[in-house]
Amino acid sequence: MSKYKVGFYVNSRANVYSTNAEAIDLVDDYGYTEKEAEAIINDEEKLKKEFDDWLWDNIEAGFQVLKTEEEVEDWKGMDK
């Protein structure tokens, strides 16, 4: 276990079970060298990129242009 660990979480607030949190060891879990992991920990932009990658791997999200009223109605019903 290395000393280069970060915590990521997301919560959609949909219900009490909608939180996803993970403690990640950048060396052991992600395969970075200690030098690379230290650089990530010390650079907010690099850390944000890691978080963004983790986020998109852990949530389902999307968008679509709605061209018909049927598509609009289908879209409105997706959260039920």
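What radius of gyration does the chain have, and what would a compact globule of 80 residues have? The chain has 18 Å, whereas a compact globule of that many residues would have a radius near 12 Å; the radius is taken over C-alpha atoms, and the globule rule is 2.2 Å times the number of residues to the power 0.38. The model is predicted, with local features needing pLDDT of at least 70 and side-chain atom pairs counting only at pLDDT 80 or more, while totals for chains, interfaces and linings use all residues. Residues are numbered from 1 along each chain as its sequence is written, and side-chain values use heavy atoms, leaving out hydrogens and water.

Along the sequence, the elements follow the pattern β-β-α-α-α, where helices (H or I, at least four residues) and strands (E, at least two) are DSSP runs numbered from the N terminus. Of the 80 residues, 20% count as buried, that is, under 20% relative accessible area with a 1.4 Å probe and protein chains only; exposed means over 50%, and partly exposed lies in between.

Three aromatic pairs are found in the structure. Rings of Phe, Tyr and Trp (its six-membered ring) pair if their centres lie within 6.5 Å, and planes under 30 degrees apart count as stacked, over 60 as edge-to-face and the rest as tilted. The ring centres of F8 and F51 are 5.3 Å apart with planes at 70°, so this pair is edge-to-face. Because F8 belongs to strand 1 (residues 5-11) and F51 to helix 2 (residues 44-58), the pair ties together parts 43 residues apart in sequence. F8 is buried at 6%, while F51, at 25%, is partly exposed.
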